[in-house]
Amino acid sequence: MTPLILRPEPQASELARLLRQAGHQPHVCPLLQIVPGRDLPALQGLLRSHDLLIAISAHAVEQANLWLQQQAESWPRIPTFAVGSATAASWLACHIDAITPIDARSEGLLALPELMTVQGRRVLILRGDGGREFLAEQLRLRGAEVHYGECYRRQWPEFDGPALCTQWRTVGVDSVIISSGEILRRLLQLIPDQDRHWLDSLQIIVPSHRVATLVAEAGLPAAHVAQGATHAAMVAALGKRN
């Protein structure tokens with residue numbers, strides 16, 4: 001297969017490498033760039049003043065870890081949580097075994113026994129710019145003091161949508177990996193009306209039922225839900241071709 005990879009670098013190229021090993025011919029076209037977030041200079045102080053740590057994306061962990069390495073600092077040994085498997089894998093790369101729910105959403109985190117009783121606890125949520133407020137709101141209702149650490153920002157490069165579609169069709173793209181709702185929205189913005197039928201013909205791979213619901217709400221064919229957002233899960237969803 002020739003899957004279209006839209007996620008940011010360096011994850012896009014690493015996924016492409018694994019897909020080639022599995023016999024696919026991926027086409028890489030990141031629609032999103034990840035750059036350091038505004039709270040990284042204050043990260044060391046934030047980590048010292050909190051006693052629970054939650055990351056809601058792999059990007060947050062990776063950018064924060066890079067910053068700490070540059071400052072010759074290490075992660076505190078406090079209870080640490082990941083929203084899903086990809087974020088947990090990023091924590092593991094930092095030698096931290098994070099607590100991770102089966103349900104890879106804020107709702108799954110909130111159902112964990114370790115987060116049921118947080119009265120008086122200081123919780124730091126590592127994330128990007130913007131995002132859902134649900135997790136913080138619910139933890140505050142449970143009596144926690146919650147703060148955010150913005151570890152990365154999203155940048156959206158300018159593209160010529162019709163030219164991109166022509167390129168994708170020329171290389172024979174027959175499937176697309178949509179890793180988040182924001183990438184789905186950007187993809188839909190770029191696809192011209194006359195190429196929408198081509199998009200409808202692609203096999204769509206997503207990391208979660210939440211993103212699959214967004215795909216359905218956009219009027220696209222039903223997406224195949226991978227077993228998480230890790231590279232291995234995406235490769236498994238497409239299957240081996242060699």
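Is D195 buried or exposed? In this predicted model, D195 is buried, because its relative accessible area is 9%, and a residue counts as buried under 20%. D195 lies in the loop between α8 and α9, the latter formed by residues 196–200. Not counting residues up to four places away in sequence, D195 touches C165 and R169. With R169 there is also a polar contact, made between the two side chains at 2.5 Å.

From this loop the account turns to another, the one between β8 and α8 (181–190), where S179 is placed. Once neighbours within four places in sequence are left aside, S179 is in contact with R7, P207 and V211. The chain returns here to its early part: the C-alpha atoms of S179 and L6 are separated by 7.8 Å, although these residues are 173 apart along the chain.

The early part of the chain also holds a peptide bond that deserves attention. Most residues other than glycine have a negative phi, and most peptide bonds are trans. The bond from E9 to P10, however, is cis, with omega near 5°. P10 lies in the loop between β1 and α1, and the next subject is the packing of α1 itself.

Two packed helices are described by the angle between their axes and the distance between the axes. For helix α1 (residues 11–21) and helix α11 (residues 231–238), the angle is about 45° and the axes are 10 Å apart. The two helices, α1 and α11, are therefore oblique to each other. Their crossing is right-handed. On the side of α1, the residues that meet the partner are Q11, E14, L15, L18 and L19, while α11 contributes H231, M234, V235 and L238. By class, the residues of this contact of α1 with α11 divide into six nonpolar, two polar and one charged. An α-helix has 3.6 residues a turn, so residues three or four places apart point the same way. In α1, E14 and L18 are among the residues that meet α11, and in α11 the residues M234 and L238 are among those that meet α1.

How many of the eight residues of α11 are buried? Six of them are, so α11 is largely enclosed by the rest of the structure. The buried residues are H231, A233, M234, V235, A237 and L238. What covers them includes α1 together with the strands β1 (3–5), β8 (175–177), β9 (203–206) and β10 (224–225). Just after α11 comes G239, which takes a positive phi of about 85°.

A second pair of helices shows another arrangement. The axes of helix α3 (residues 58–70) and helix α4 (residues 85–93) come within 8 Å and cross at roughly 20°. These two helices, α3 and α4, are therefore roughly parallel to each other, since angles under 35 degrees count as roughly parallel. The crossing of α3 and α4 is left-handed. Here A58, V61 and E62 in α3 meet A86, T87, S90 and W91 in α4. The contact of α3 with α4 has four nonpolar, two polar and one charged residues.

Each of these two helices is linked to a loop with an unusual backbone angle. In the loop between α3 and β5 lies A72, whose phi is near 60°, a positive value in a residue other than glycine. A72 counts as exposed because its relative accessibility is 71%. In the loop between α4 and α5 (106–110) stands H95, which has a positive phi of about 65° although it is not a glycine. H95 likewise counts as exposed, at 67% relative accessibility.

The last stop is strand β5 (residues 80–82), in which T80 lies. T80 is buried, because its relative accessible area is 6%. Which residues does T80 contact, leaving aside its neighbours within four places in sequence? They are L53, W91, I96, A98 and I99. One of these, W91, is also among the residues of α4 that meet α3. The C-alpha atoms of T80 and I99 are separated by 6.3 Å, with the two residues 19 apart along the chain. In addition, a polar atom of the T80 side chain lies 2.8 Å from the backbone oxygen of I78.

How values were computed. Residues numbered from 1 in each chain as written. Predicted model: local features only at pLDDT ≥ 70, side-chain atom pairs only at ≥ 80, totals over all residues. Heavy atoms only, no water. Helix = DSSP H or I, 4+ residues; strand = E, 2+ residues; numbered from the N terminus. Buried < 20%, exposed > 50% of the residue type's maximum accessible area, 1.4 Å probe, protein only. Contact = heavy atoms within 4.5 Å. Polar contact = N/O pair within 3.5 Å; in protein donor to acceptor, adjacent residues only side chain to side chain. Axes fitted to C-alpha atoms, helices over the stretch in contact; angles between N-to-C directions. Parallel < 35°, antiparallel > 145°, perpendicular 65-115°, else oblique. Left-handed = near helix turned anticlockwise from the far one by under 90°. Nonpolar A, V, L, I, M, F, W, Y, C, P; charged D, E, K, R; others polar.
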